[in-house]
Amino acid sequence: MSSLAQKIQQLQAAFESDFKSSFDFSSRQALHKKYVKGILKELYAEIKIIKDPEEKRQAGLLINQFKNYLETHFSSSNIESAEQSPPPAVFFDPSVYKTQFTRGRSHPLVQFALSVEEIFINMGFSLVEGPEIEHEENNFEKLNIPLHHPARDMQDTFYIHGENKLLRSHTSNVQIRTMQKQPPPLKIISLGNVYRVDDIDAQHTPMFYQCEGLVVDKGITFSDLKGVLIEFITLLFGKETQLRFRPSYYPYTEPSAAVDMSCPVCKTQGCRTCKNAGWITILGSGMVHPNVFSGVGYNPKNYTGFAFGLGINRLAMIYYDMTEIRGFYENDVSLWTK
Ligand SMILES: [Zn+2]
């Protein structure tokens with residue numbers, strides 16, 4: 001091998017490693033200057049001093065090959081044309097390895113909560129918010145749940161040590177806060193996290209998302225309550241969905257009703273989703289207890305109202321046909337790409 005061929009081989013190897021470690025526009029521009037403007041010109045100058053015509057021809061051939069080799073590299077990174085025009089703001093190299101990207105979006109529980117919110121807002125409800133750390137009084141006493149009422153044991157609440165405060169066990173505290181601030185009429189919903197002492201299993205988590213509604217005005221009746229809830233559920237699950245109102249007991253409403261919906265999967269025939277019952281209990285509701293009104297300064301002789309509360313997680317589980325509530329918090333993205 002001639003000494004020139006050897007030299008070009010070394011230059012080519014050096015260029016290759018330089019090129020691999022240059023990723024941006026300016027470093028490639030510098031490479032172009034070094035090899036095309038510098039080294040290549042010097043090589044062509046060397047031909048001029050070769051006397052033997054055959055040797056001269058061979059040298060020209062080798063240098064031209066090297067020139068072509070350099071050009072193929074620089075044409076892909078557009079250095080040649082960039083010499084005349086200003087460099088682009090971002091260097092774009094189509095040969096760079098590209099991984100697949102997926103677009104982010106809201107958590108499915110948030111998406112579901114937003115559609116619940118939207119339905120009630122379209123029915124004329126206003127959205128109100130309240131604190132998750134609450135005075136004991138707003139969570140219990142004001143809701144007609146006195147100190148020694150068994151409901152306080154039933155609820156198994158997280159108390160804050162040494163203070164008369166707790167993590168709210170329902171969003172009803174927001175109703176109390178709103179009624180204390182605002183005279184009737186009222187038509188509000190509130191969504192947010194609530195806390196109860198529960199072990200984590202397929203159906204329970206110590207924190208979950210709740211939605212609560214309250215309507216207060218003159219002449220509000222149980223029919224209004226039924227109308228609103230039937231409208232809400234059929235908008236969410238379809239017109240064929242049926243609701244069943246069962247007598248129940250809550251300290252803050254009288255009369256009270258637990259509400260079941262026909263299973264959207266089996267249409268009351270019985271399946272895994274409804275545990276073969278055909279119906280699923282989804283919420284608690286009732287006419288606001290007169291004691292609650294008196295406690296916040298509303299006159300129960302002039303005003304009536306209804307309230308309802310539902311677990312967003314439970315309803316979302318039915319909506320997404322999930323078997324485990326834990327799925328909402330385990331960060332398993334594959335669950336949501338099915
Ligand atoms: Zn079913």
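This is a short talk on the fold, the cores and a few backbone details of one predicted chain.

Ground rules, briefly. The model is predicted, so local features need pLDDT of at least 70, side-chain atom pairs count only at pLDDT 80 or more, and totals for chains, interfaces and linings use all residues. Residues are numbered from 1 along each chain as its sequence is written, and side-chain values use heavy atoms, with hydrogens and water left out.

Overall shape. The chain has twelve helices and ten strands. Helices here are DSSP runs of H or I with at least four residues, strands are runs of E with at least two, and both are numbered from the N terminus. The C-alpha trace spans about 120 × 45 × 40 Å along its principal axes. The radius of gyration is 37 Å, whereas a compact globule of 338 residues would have one near 20 Å. That radius is taken over C-alpha atoms, and the globule rule is 2.2 Å times the number of residues to the power 0.38.

Burial. Of the 338 residues, 43% are buried. Buried means under 20% relative accessible area, exposed means over 50%, and partly exposed is in between, with a 1.4 Å probe and protein chains only. Contacts next, meaning heavy atoms within 4.5 Å. Take those between residues at least 6 apart in sequence: 65% join residues at least 24 apart.

Now the largest nonpolar core. A core is a set of buried Ala, Val, Leu, Ile, Met, Phe, Trp, Tyr and Cys residues joined through side-chain atoms within 4.5 Å. This one has 43 residues. Phe120, Phe232, Ile282, Phe308, Ile312 and Leu315 have the most contacts inside it. Elements giving two or more residues include α5 (108–122), β5 (186–195), β9 (279–288) and α11 (312–320). Helix α9 gives the largest share, seven residues.

Look at Leu315. Which residues does it touch, leaving out those up to four places away in sequence? Phe112, Phe232, Leu236, Phe237, Met261, Ile282 and Leu310. In α11, Leu315 is buried, and so are Ile312, Asn313, Ala316, Met317 and Ile318. Just after α11, Asp321 takes a positive phi of about 55 degrees.

Apart from the largest core lies another, of 22 residues. Ile176, Ala258, Val288 and Val296 are among them.

Ile176 takes us to helix α8, residues 172–181. How many of its ten residues are buried? Seven. Those are Ser172, Asn173, Val174, Gln175, Ile176, Thr178 and Met179. Their cover includes β2 (133–135), α6 (136–139), β5, β6, α10 (290–295) and β10.

Next, the cis peptide bonds. One joins Pro184 and Pro185, with omega about 5 degrees. Pro185 sits in the loop between α8 and β5. Another runs from Glu254 to Pro255, with omega near -5 degrees. Pro255 lies in strand β8.

Finally, the loop between β8 and β9. Thr268 lies there, and so does Asn276. Thr268 has a positive phi near 70 degrees, though not a glycine. Asn276, also not a glycine, has a positive phi of about 65 degrees. Exposed or partly exposed? Thr268 counts as partly exposed, because its relative accessibility is 31%. Asn276 counts as exposed, because its value is 63%.
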